[in-house]
Amino acid sequence: VGFIFVMGIIDIKQTGKKLKGISLEHGYTADKLSVKLGFSRATVFKWFAGDTIPRIDTLVILASMFDVKIDDLVVYQKEAI
């Protein structure tokens, strides 16, 4: 039995938009999310703007908070590596 594993390159800008949208759907502005998670406002704003993305351990927390899979928070580019 073999496994096919296709890993895409993360689209940071689109991931930021998606994270922002899901956060707002759950009532979390950047300010509220920064307080809840213990990050600076600037860090969360960078996530929402798509300048950076949260570390994997933070994505696990966010996925749990929003009752979604990590893959629901991350947007991949079309090409596979």
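Contact here means heavy atoms within 4.5 Å, and it is in this sense that the buried residues of helix α4 pack against other helices of this predicted model.

**View 1. The packing partners of helix α4.** The buried residues of α4 pack against four helices, namely α1 (12-25), α2 (30-37), α3 (41-49) and α5 (70-73). Helix α4 itself is made up of residues 56-66.

**View 2. The buried side of helix α4.** Within α4, the buried residues are T58, L59, L62, A63 and F66. Because these residues cover an arc of only 140° around the axis, they are placed on the same side of α4.

**View 3. The surroundings of T58.** T58, which lies in helix α4, has a relative accessible area of 6% and is therefore buried, since buried means under 20% relative accessible area. When the neighbours within four places in sequence are left aside, the residues in contact with T58 are L37, F39 and W47.

**View 4. D67, after the end of helix α4.** D67 follows α4 and has its place in the loop between α4 and α5. The phi of D67 is near 55°, which is a positive value in a residue other than glycine. With a relative accessible area of 72%, D67 is exposed, because exposed means over 50%; T58, by contrast, is buried.

Technical notes:
Residues numbered from 1 in each chain as written. Predicted model: local features only at pLDDT ≥ 70, side-chain atom pairs only at ≥ 80, totals over all residues. Heavy atoms only, no water. Helix = DSSP H or I, 4+ residues; strand = E, 2+ residues; numbered from the N terminus. Buried < 20%, exposed > 50% of the residue type's maximum accessible area, 1.4 Å probe, protein only. Arc of directions from axis to C-beta.
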